[in-house]
Structures are given as structure tokens and as C-alpha cells.
Amino acid sequence: MGKKRVGALEKVDADLPNLQYKIRRDPKSYSEDFLNQYGQYQSQRDIFLASPTTASSTGIVSFRDLIDFVAHVADCFPEDTASFPTDLKTILMLHHASLESELREKIVGSLVLLRRKEIIDSAELLNTLFPILVATPSKTLRTLLFQKILSDLRTSNSKSVNHRLNKTIQTALFNLLTSDRASAKGIWAVKITRELWKRQIWTDAKAVEIMKEAALADNEKVIGGGVRFFLGGDKEREELEDDSSDEEAGIDIGKLKHQAGINKKSRKTKKSLEEAVKKVKKTEKKKNQPHPLNFSALHLLHDPQGFAETLFSKHLQNSKSKLNLEQKLLVLQLVSRLVGLHKLTVISLYSYFIKYLTPRQPSVTTFLACLAQATHSLVPPDALEPLVQKIANEFVSEASASEVASAGLNAIREICVRQPLAMNDTLLQDLVMYRKSKDKGTMMAAKGLLSLYREVGADLLKKRDRGKTATIGLKSGSIKERRFGEEEIGGIEGLELLEEWKAEERKRKRAEKGLPELGTDEEDDEEDEEEENKGWENWDAESDASSDSGGWINVESDAEIEISDSEDEKPASKKAKLDSLATKSTSDTPANDEEKENVDKDKALEHKISSLATTKILTPADLAKLQELRLQASVTKTMGKNKSQAARLKELADRHADDPLTAEQIEGLSKLRKSTREEKIALAREGKGERGEHKSTQALRRQKKDAEGKSTTNREKSRKKNFMMTLGKAKFKQKRSLTQTRRVLKGHIERSKRGGKRGNIGM
Amino acid sequence: MGSSTRKKKEKKKDFQKAKLKVGKAKAKPDNFTDTSFKAKSIVVNQQSLTTSAPSSSTQFAHYLSLASSSRSDTQRRDALSYLTTQLSSAPVDRPLPLPTSILLPKLLPLILDGSSSVRAQLQKFLRLLPASDIGDRAEFALLYIRAGMTHLAAEIRVDALAVLEWLLEVAQEDVVSCPGGWVKTLKSFMSMMGWASSSGSSKWSSASKASFGKAGKTFPRQLLVLTQFLKAGLIESENIREVKIGGTFPLVDVERHMIPMRSNAFAHLNLFGSSRDEEGEMYIDREDRQRVFQKLFQPAVEVGMANAKKEGGEAGRASAVLAKVLKEGMADYIEVDDTQ
């Protein structure tokens, strides 16, 4: 379908954009013109519908242009164009496979335009586009539709969350996945959900449920999509958020103001400055807002036990499953992650590992990492012991390569961090001997194992390996063997820090007032009350001011599941920040009361439960301070200040809670596989500064100045000046006065003495 | 001044004349761009290398495809004129080289063609087609005619009217009774003549700035074609009336009990298509057409007609003819309405 030549006269007649412009300005006057065009559209449509495949838009004005035109002005004539959206929809639905691609794109675009003009609503649009997305054989159309669907969902959720729309679309996606589990069409559900999850538009349990169904599908692609989402979806989301916050931070208001002062003052610069100020204010406001509650996908699962079991039995245990090793590994990672995170019991999982634990197995470190990840304190040691034994036998021996041995030792250590009871004394003593190995990786791995058991099970070690503190602890009875299923007594993280801080504050205040440092209890109580009131006051004011615009974010019903987990001994997730903490502090209180007696008895324990939480209700101000102190503590910890062994151990255990264990961590220092080209390049690049081009220092300096928007110096200007422009000045030579001539001559003599303009450096 | 002499020399070099030598190729200019290229495939310009000339029927098909899909308008026009001469020079009793059912779908889109010479040639060609074949394809032809009547370009509108005139001559009954043929075509007329009113418009009258409807010269012609169309639809044609009157006494309505002469006799039942709305419906009976016309169009037509009468001149005369037809056509409708 080539464009026919258009005569000049006809061009004027067929000027649809011009007519469109006129109609938009004054719809009433041009209604007749519009009706004519609409009639033309209708007759073209009839022609098209009479023979969709053969009808070609010959002539000056194509059907495509007419559709575009009508879509653009449809909002001016709502009654006349009432049937227009349905027309487009039927054309698209019935003939999308045979339509010419440009016309098809135009129809899709027009439908989206109608949606933007709010002639049709989102649900209608999405219900039209989605079935076509799934059904069409054309790749370009699919990408177009995918993009349009996503952007429409984003815009309709931009101002406020459109629950109804989300729910209908989610149900459609869910049905798509569950109706035919073997088809590859489900990949679209996965893609859409993942994208929206990444952009934090869908953050509820329903989206997670969709992905769960995807992971349990029969099609490899769909399974892969679902599983990858659980393994990496949250990280993706965080990265996107980081990126967006980085972008906005780049404005320097001071500089902009300075520039606006120097340069020519125009309306444009003023406007841009205002805009920048607005933007900065907005970002600051955003920064001050509390972190929105976003639970990770793994935490939003309704039935992790059932999910893990079906995943395992369907994709891994089932001998008929068609997944290749890579896909199986992904599924295994997810299963082990679920087991470790939710402390699930899938006993058959551990015996499944046995056959893969040989050094010849491809990507064995991932298997080892998965095994370690699947271990937690509630796994029966009987299930783990043969595995540890097998790793020791297969990997750790004098004959095996050093990398293999270190990987084996690392794996054993990671397992034992999570379940120390999986080890027996002979094996441990045997393994610990490797700390004398000549290979650094093996040596360090063995030492790690040794230091681990000094903390958690010193009695398994030989006497001379136990170390001083462990020996003393064993003797005095402060170190006790942990039994299977025994749990640590929990509290609020960093509460002791808060208590300390409060005591110090009190001291400082008393010192200011000139009272002795230690006051009577009554005084203390009074002060406390005052303080507390202040804390609440503050909070009340805050809550009043920010009741509508954030501050505290309404938690949806889905999220409550997460919070009610607080009976668990550990904080469920770091992401559940302030809110969950507040509820926890109240809900923990009675529990802690009972525990207190135990604590009194057992004073040898290092971390005693602070009495603060049991005697007082923490005010929001307290909680904020607690958060701050906790942050501070973590900062000092990362700086490496007095990092105790125990703290390091705890860090190891904590890492497990939220982040996956990777094969790299198992490999340790040495690498079992060849490094890829990218890694090699990165290694070579390391330590070398960024230098895009090879330029002179002068040029680089100039470039930097230019980038900062700074002007050139006079010297540079004179150097760059056009030669012809300097000629006029040279002619001036004849007309110089005597003094001027003298000055020039003097300068000449001086320069010749100095040896040139810049001085003779050689002298 | 060493550098300046060098520069002078360089400048001179630009204007030095290259010496031509016998037996040597001319030196390439500085800005010469090599446009030669290599290709893996070879395109043969002449695809068929038969010694015998192509038969007239294949040539006919070839020109038909040229006429329908060539890019250049002269080529289309020439192809059409070839087809026309082929048809006109053939003996009367010989059948067409290709059946009308193939010719029409290919050529009807040319009603909307941008070039006026092509359209003129098309009209010549259409008049050569056998009238009996057209009736069944009136609906299809009307699609393009309506598109032409509402087209942006004024010339195309005029030519579409000419085609409609031809169609009315050839298949008068089919035009007004095919699906969509009555109401949709009338609507096209209304919008073409600027008599249409927006369904959602308010009571305010506003001077139209439209550049569309007021094509001064063509207006009388539009009126005349509308008159013909209404005549076809509203006034019973002679032969039907004859049949009605001339039935021999004992046999009444005998043709209604015979096997129908036309194709798809039950089309009005619309057994297999998608359901039609008021516009797309078939109006087979004259009474039906009258009713719809009276409901939807009569007021607009009468207002427009009155205005045209005031203009006088050619338009006035045409509108007088229209008024006559309208009176005749709607005369017995009121009667029917009263009797009901």
C-alpha cells in the first residue's frame, strides 16, 4: 500500500490535522464538518468490514487517518461518536490477526487515547487489550500492547490506588494462569505482575498469589518467571527505588541561584529556578516521609509450607518434570529459601540433596548453598548428619583439590551455623585439623568452623582447641549446650541501648539543674512522667497534622498477617519497621513479664532483658530514638569497632534471615569455575581511575569547567580569539605614543633577558 | 612570510585545471562518491521470456491488476482505458473476459482515487458492464459510492454522484432495497448537502464555518441526483405497477408464489449475518422506505428544499423537481397512515 501522489488542491481539502485543530478550538461551529468526516469514517469502516483482508485504504485519506482524527475529537461530540469505541474494539477483536500493522497500531493507540480522554474506562480498555495480548501471533503488537497495558495500569494507579481495577486485572491474570497450566500464555501474567511489583504498584498478597500459581505451572518458561520473581523481585524493586532517588538528588540549588544571578535574567531562567526549588522541596518532603511498608514477596505468601511442598514434589522430586538443571536449581533455591525463611519442615528435601553432593556435580556450590539455606534450627539433626558426613567424605580430604576442600568446609560451616547439632565430635575434630592446611582458603574455612564451635558447642572440640573463654565458660557453666528446639529468649532489638541512653540523659539533666547525679526514685518517676507526656504530646500533634498526608501509613488487611507473627521469637523482617515494632512492644509486654522471672534467675546471661519494655509503654519519641540508636550501633559495628565474636556470629545468622546464601559465599576465596570474560575485565579495570578519553590535562580541566557552567578566563579568550580580529589592533602600532613605545621596548628587553615569554626553564 | 606563500600555493591548487590526456581516463573529482555496489541476487527486468505473445485474457487480467494496484495514476488510467477498449470492441454476444464478480471488487475502490482522469475513465468502463450483473453487487458498490459522497475532496464527491447516477439507471430497485442502501445513502446525501444536523446539537443555531457542503456549482447536481434517488425509492417503478394491474383475474399475486428470480431472495431475513441496526436494515417495501424517510429525513429535506428554492436559478429549478417527486412519492403515504 503505497501512498498515492496527492495533488496540491486535494491536500488542502484533505487537511485533517487542520480541521482537527479548528474543531478543538470551536467544536460547535465545525460540527457539520465533523459529521461529514464521521460519515466518511463510517463508510470506510463499512468497506473495511465488508472485506477486512483485502480492503486497502486507497485514496487520499486513509482509514487510519480517519480513525486518528475521530479519536482526537471524540470528546467534543460525545453523542455522535457513542458507537466509536465499540467499533474500534470489535475491529480489533475480530481482525487483529489479519489487520495491516500500521492500522492495528493506530487502533490500539486510539483506544488508549479514548481512555485518556475518559470516554472509556480502564477496565474496558484492559479487557479489550489483554485477550489480544495473549492471543496475537505478532510480536510487535504484543510489545505494543504490553507497554500500553502497563502504562495504563500505572496511570490509573498514579493518584490513588485503584483497587477495583487492580482486583479485576489480578483476577484475570490469575485465571489465565490457572485455566491452562501447560500453556505458555501465562508468561504475560508473570511479566505484567513482575513489572508492577517492581514499580510498587501492586504490593499486596494477591500479586504474590499470581506468582505462586506461575511457579506451580507446567510450562518451563512460566515456572522460571514465577520462581525468578520470588528470588529476585524484591531486589529489583529496591534497586529501582534507589535509582529514582539518585536521580532526583542531583540538583544543587545554590549553584542554580548563583547562575541565575550572573547570567542574563530572563523569564525562562527564573522559571527553571522555581521548578528546581519545587523539585528539591518535593524530594525533601519525600525523604522525611516514613518508609512505606512493603513486605517482600516471600513474606506475603499465604501458605509457605504448602507452596514449598508442592514446588518440591512437583518440580524436583517428580521424575517426569521436564526442567533442565539450571531451572531445577532455581526451583531448589526457592524451596530452600522458603524452608529457611519460614522454618518449614520438608524432611524429604534433605535426602534429595544426597545424590548431588559430589565434587563432579555441575554447579555443586549452588547445591551446597541451597542445602545450607534450607537448614534452620528446627531441622532434626538426624536428617542433616548424613549430609554433613557425605560432604566431609566427598569434599574434604587430603587428596582433593584445595578449592574443593574449602568449598566443602565452608558449606559445613554454613550448615552448622544454622543447626549446630548436625555435627558430631569425631568429625568436627577431624575437620578442625585442616586449619593447619597450606592452602589459605581451606585454612580459613577450617578456622571459621573452629571459631563457630567455640561459641556454640565447645564441648565437641578437643580440650586444647577450645580456647580460653570457652573453657572458662564451660567450667563456670555459663555456656550451656543448646538442645534441639530450644530457643533464645527474645526482646526488642536495641532496647538496652535505649535504656542506657535514657539513664545518661537523666544524669545530664540533673547535672544541669545542679542536683546530685543519683536522685530518689520519686523524683525519677516524676521526671519520667513528664518526659513521657512530652513524647505523647509530640506524637499527638504529629498525628493530627499528618492524619491525611502520610506519616503513618494505613496497613492493608493483607499486611496484618505479617504483624501478628510477632509472637515469633525473632523480628519477622527488617522491613516491617516502625509499625510492627509498635504493635510488638505492646504485644510482647505480657510475654516478657513471665520471662522476667527466668531472667532474674539466670543472670549470667550476657544480654539480659531490659525492664524498660515491661514497665513502660514506649512513646513514639522513644521508638524514634530507638531506631536512631540501633542505626548508630550498626554503623559502629560495620566500622569494625570492638566487634566481638558473638556479634559476628549473630550477624551471620541474621544474614540468613533476609538474604539468600550464594554459591560465591560457599566458594570462598577460591573459585571452582573459570572466571568469565566480564569478570576478568572487571578485575583488570579495578583500581584504575575513570578516564573516558585520552586528552590533555588542559582539555580535561576545560571540560570540567564547561560542565559546571563556568566561563573562560580572559587569557583563554585572548588565545582563542579569531586572528582577523586582532589585526586591527596590530595596525595601532604606527600610532603609538612615545611612552607606549617605551613600555613595549622595555618589555621586550626584559623578556629577552628572561629568555622568552615564560622564562627560560633550562637556566 | 614563508607560510603565506605556501598558503597561496595551496589556494591556487584548487583552481588549477586538470590536464586531459589521450588514452587515460578522466581524473575523478575530489568529491566523487563511488555508487557502484554488489548484490547477491539479480533482478531480471523482464520476468517472462516466452516467444509467443501473451493471450488476450492474461493481458486483460494483467491490466486489471495494474489498474487496481499500480502506484502511478497515469498507469492506472491507461490500464483502465485498455480495459474499456477491450470491452467496447468485443462483439456483443461474447462473454466478458473476466466475470463482473471479479472486475467490480477490484475496480470499485477507484471511485475514491485521487486522480480525476482515473475516475472519469472508470465511469466510462462501468457503463460498459452488463446491467444484469450489477444488481446483486449494488450493496458493495454503494459502500464505495457513499465513501466517495462523503469524501473530503469535492471532485471525488461529484464523481461519486455520477457513479450513483449510473447505478440508479442500471439497478434502481436494488439500490434502494439493499441492506443499508436507503438510510445510509440518504444520510450521506444529507451530510454532503449540508442538511445534516448533529444528533447531540443544542437548540442554538450557529452559522456554520464548514467549508464542506457549500459547493455552489455542484449543488444543483446534487439536488438532481437526490431527486432521482428519492424517485427510485419512493415512487413505484412502472413494471411493478404493471404487474400489479395486469394480473389476469383468477391469478392474483402469482409472482409471489413462484421461485424467486433474484439471488438471495431471503436476504431481508438476515439469517446468517450479524444483526443490523436501523441504518443497515433492508427496506424492501416502498411503505417501509416512506416510513423511515418521513421519520428521519423529511423535515431536513423540506427545509433544505425551501432554502434552495429561495436561491433561485439552477438550484431553484432543481429543487422544484425535487419537490414534485417528494410530493408524488409521499402522497399515498399519508393516505396509508390515515387508514391505519
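A residue counts as buried here if 20 or more other C-beta atoms lie within 10 Å of its own. In this predicted model, B:Trp195 has 21 such neighbours within 10 Å, so B:Trp195 is buried. It is a loop residue, sitting between helix H10 (183-193) and helix H11 (218-234) of chain B. Setting aside residues up to four places away in sequence, B:Trp195 touches B:Met190, B:Ala300, B:Val301 and B:Gly304. One of these partners, B:Val301, is 106 residues away from B:Trp195 in sequence, yet the two C-alpha atoms are 7.2 Å apart in space.

Now for the chains as wholes. Chain A is built with 36 helices and 0 strands, and chain B with 15 helices and 0 strands. Of the 763 residues in chain A, 29% are buried; for the 340 residues of chain B, the figure is 30%. Long-range contacts feature in both chains. Among contacts with a separation of 6 or more, residues 24 or more positions apart supply 71% in chain A and 73% in chain B.

Next comes the nonpolar interior. In soluble globular proteins, nonpolar side chains tend to be buried together. The largest nonpolar core in this model holds 191 residues. The members that touch the most other members are A:Val70, A:Met211, A:Val335, A:Leu371, A:Ile412, B:Ile145 and B:Leu167, so the list draws on chain A and chain B. Taking A:Val335 as an example, its contacts beyond four places in sequence are A:Ala308, A:Leu311, A:Phe312, A:Leu316 and A:Leu349.

Two helix pairs show how the packing works at close hand. In chain A, helix H9 (residues 163-179) and helix H11 (residues 205-215) have axes 9 Å apart, at an angle of about 15°. Angles under 35 degrees count as roughly parallel, so H9(A) and H11(A) are roughly parallel to each other. Their crossing is left-handed. On the H9(A) side, the residues involved are A:Gln170, A:Leu173, A:Phe174, A:Leu177 and A:Thr178. Facing them from H11(A) are A:Lys206, A:Ala207, A:Glu209, A:Ile210, A:Glu213 and A:Ala214.

The second pair belongs to chain B. Helix H2 (residues 56-69) and helix H3 (residues 73-89) of chain B cross at roughly 140°, and their axes come within 8 Å. The contact takes in B:Phe60, B:Tyr63, B:Leu64, B:Leu66 and B:Ala67 from H2(B). H3(B) contributes B:Gln75, B:Arg76, B:Ala79, B:Leu80, B:Tyr82, B:Leu83 and B:Gln86. Only angles over 145 degrees count as roughly antiparallel, so H2(B) and H3(B) are classed as oblique to each other. The crossing of H2(B) and H3(B) is left-handed.

Helix H36 of chain A (residues 738-754) makes a handy check on helix geometry. At 1.5 Å a residue, its 17 residues should span 24 Å, and the end C-alpha atoms are indeed 24 Å apart, which agrees. H36(A) is hardly covered, with 0 buried residues among the 17. Just after H36(A), A:Gly755 takes a positive phi of about 90°.

Positive phi values also turn up away from glycine. Most residues other than glycine have a negative phi. A:Gln200 has a positive phi of about 60° although it is not a glycine, and its place is in the loop between helix H10 (186-198) and H11 of chain A. With 13 other C-beta atoms within 10 Å, A:Gln200 is partly exposed. A:Ser363, likewise not a glycine, has a positive phi of about 45°. A:Ser363 lies in the loop between helix H17 (347-353) and helix H18 (364-373) of chain A. The count of other C-beta atoms within 10 Å is 15, so A:Ser363 is partly exposed.

A last stop is a glycine inside a helix. A:Gly473 belongs to helix H23 (residues 468-476) of chain A. It has 18 other C-beta atoms within 10 Å and is therefore partly exposed. Neighbours within four places in sequence aside, A:Gly473 is in contact with A:Ser478 and A:Ile479. A:Glu455 is 18 residues from A:Gly473 in sequence, with 9.9 Å between their C-alpha atoms.

Notes:
Residues are numbered from 1 along each chain as its sequence is written. Chains are lettered from A and ligands numbered from 1 in the order in which they are written. This is a predicted model: local features need pLDDT of at least 70, side-chain atom pairs count only at pLDDT 80 or more; totals for chains, interfaces and linings use all residues. A nonpolar core is a set of buried Ala, Val, Leu, Ile, Met, Phe, Trp, Tyr and Cys residues joined through C-beta atoms within 7 Å. A residue is buried if 20 or more other C-beta atoms lie within 10 Å of its own, exposed if 12 or fewer, and partly exposed in between; C-beta atoms are placed from the backbone. Two residues are in contact if their C-beta atoms, placed from the backbone, lie within 7 Å. Helices (H or I, at least four residues) and strands (E, at least two) are DSSP runs, numbered from the N terminus. The expected span of a helix is 1.5 Å times one less than its number of residues. Axes are lines fitted to C-alpha atoms, for helices over the stretch in contact, and angles run from 0 to 180 degrees between N-to-C directions. Angles under 35 degrees count as roughly parallel, over 145 as roughly antiparallel, 65 to 115 as roughly perpendicular and the rest as oblique. A crossing is left-handed if the near helix is turned anticlockwise from the far one by less than a right angle, and right-handed if clockwise.
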